Amino acid sequence: MSYEEVLKAVFPLLEGTDLASCMVVCKQWRELAQDDYLWKCLCAKKWPSICKQSSPTSMTYCKLFQTFYKRQHRRVLLPPRLSFSDLEFYIDIWTEESLIFSEVVPGPVFRNGIRTLPAGICDMLKLHLEGPEYKMTLPVEPRFTVPLSQKVSVSVLVGRKDTNKVACIIYKSIFDYIDRTAYRALAFDYLEFSPIYPFVSGIRAWISLLFMDEGNEGVIDVFGIEMDFCDAANSEGEVLWLLDMLDWK
């Protein structure tokens, strides 16, 4: 077999990425590897029905394969229309008997988070707070304690200074999961989005009580509050876009 015949015998056995690599070896390889019949065979493996279309596409099968096979790179997010300076958060926490925490938290305070972790927190919680996942944290001063025998619920609203509107993030959710290894009590609620985003749903806002081990298994000593939207948003810009999509009243 001649050199060219060998290539014609080998090229149909290759996967698309390997065939594409062959196209950059030299001019001869490129001319052989760009034969559209080879690419039609590859398209037929990935999407058999595309080769049965009644009117052939104006796009070559080579271009068709490249267009739909390549990985979709994450698009660059446009700058959000909101900033944390435009926001303030209203956080209320109740036990069964009374209100135990009620604060208006300016957006920049929540954004800046807990700058210095208190001494004595567990290593697992420290690793979590110092991890790469985007989260908003708030130191609780003075600290408060919560008996584990009581139900504890939380509501969080967010207000916009630019429009004087308010949206709900969490409504009367129960801290019904206590992670004793990471010293976090967790609650969540599903976000309600504006009607102009009818297909966005199922995204949760998580809020955690961060607590210390004081040797009393029946009580948690809360030193901080954390909120995140890691179901869908894991950067400051993504969080601001998510908040901008809420059902503002």
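Let's start with helix H8 (residues 236-244), whose buried residues pack against strand S1 (87-94), S3, S4 and S5. Keep in mind that everything here comes from a predicted model. H8 is mostly covered, with 7 of its 9 residues buried. Those buried residues are Gly237, Glu238, Val239, Leu240, Leu242, Leu243 and Asp244.

**The sheet with four strands**

Three of the strands that H8 packs against, S1, S4 and S5, turn up again in an open sheet of 4 strands. Read across, the order is S2-S1-S4-S5, and the pairing is antiparallel. S2 and S5 sit at the edges, so to speak: each pairs on one side only. From one strand to the next, the twist averages 10°.

Now look at the pairs inside this sheet. S1 and S4 run antiparallel and are joined by 8 bridges. If you want one spot to click on, try Tyr90, which has Leu157 in S4 as its bridge partner. Next along, strand S4 (residues 153-160) pairs with strand S5 (residues 165-174), again in the antiparallel sense, over 7 bridges. Here Arg160 stands opposite Lys165 in S5.

What do S4 and S5 form together? They make a hairpin, with 4 residues between the two strands. In its turn you'll find Asn164, which has a positive phi of about 60°.

Arg160 has another neighbour worth a look: it lies over the face of Trp248, at 5.1 Å from the ring centre. There is a similar arrangement at Lys172, which lies over the face of Trp94, at 3.6 Å from the ring centre.

**The sheet with five strands**

The other open sheet to look at has 5 strands, in the order S3-S9-S8-S7-S6, with antiparallel pairing. Its edge strands are S3 and strand S6 (177-179), and each of them pairs on one side only. Ignoring direction, neighbouring strands of this sheet are turned by 30° against each other on average.

At the S3 end, S3 pairs with strand S9 (residues 219-228) in the antiparallel sense, over 8 bridges. Pro147 is the residue that stands opposite Val219 in S9.

Between strand S7 (184-190) and S8 there is a loop, and that is where you'll find Ser194. Is Ser194 buried or exposed? At 15% relative accessibility, Ser194 counts as buried, because buried means under 20%. Leaving out residues up to four places away in sequence, Ser194 touches Met245, Leu246 and Asp247.

**The nonpolar cores**

Which residues touch the most other members of the largest nonpolar core? They are Phe89, Ile91, Ile93, Ile169 and Phe229, out of 54 residues in that core. Strand S8 (residues 204-212) gives the most to this core, with 6 residues.

Ile91 makes a nice close-up. Not counting residues up to four places away in sequence, Ile91 touches Phe101, Ser102, Glu103, Val105, Phe110, Leu138, Val154, Ser155, Val156 and Ile225. Apart from the largest core lies another core, of 17 residues, among them Trp29, Leu38, Cys62 and Phe65.

**Aromatic pairs**

Rings pair up too, and the count comes to 7 aromatic pairs. Two of them are set side by side here.

| Pair | Centre to centre | Angle between planes | Type |
|---|---|---|---|
| Phe11 and Trp29 | 5.7 Å | 70° | edge-to-face |
| Phe101 and Phe144 | 5.9 Å | 40° | tilted |

Why is the pair of Phe11 and Trp29 called edge-to-face? Their planes are at 70°, and the label applies because planes over 60 degrees apart count as edge-to-face. Phe11 lies in the loop between helix H1 (3-10) and helix H2 (16-22), while Trp29 is in helix H3 (residues 27-33), so this pair ties together parts that are 18 residues apart in sequence. Phe11 is also buried, with a relative accessible area of 3%.

Phe101 is in strand S2 (residues 99-106) and Phe144 is in strand S3 (residues 136-147), so their pair ties together parts that are 43 residues apart in sequence. Phe101 counts as buried at 8% relative accessibility, and Phe144 is buried as well, with a relative accessible area of 9%.

Finally, ring pairs link Phe188, Tyr190 and Trp206 into a cluster.

Technical notes: Residues numbered from 1 in each chain as written. Predicted model: local features only at pLDDT ≥ 70, side-chain atom pairs only at ≥ 80, totals over all residues. Heavy atoms only, no water. Core = buried A, V, L, I, M, F, W, Y, C linked by side-chain atoms within 4.5 Å. Buried < 20%, exposed > 50% of the residue type's maximum accessible area, 1.4 Å probe, protein only. Contact = heavy atoms within 4.5 Å. Pairing = 2+ DSSP bridges. Phe/Tyr/Trp six-rings, centres within 6.5 Å; stacked < 30°, edge-to-face > 60°. Lys NZ or Arg CZ within 6 Å of the ring centre and 35° of its normal. Axes fitted to C-alpha atoms, helices over the stretch in contact; angles between N-to-C directions.
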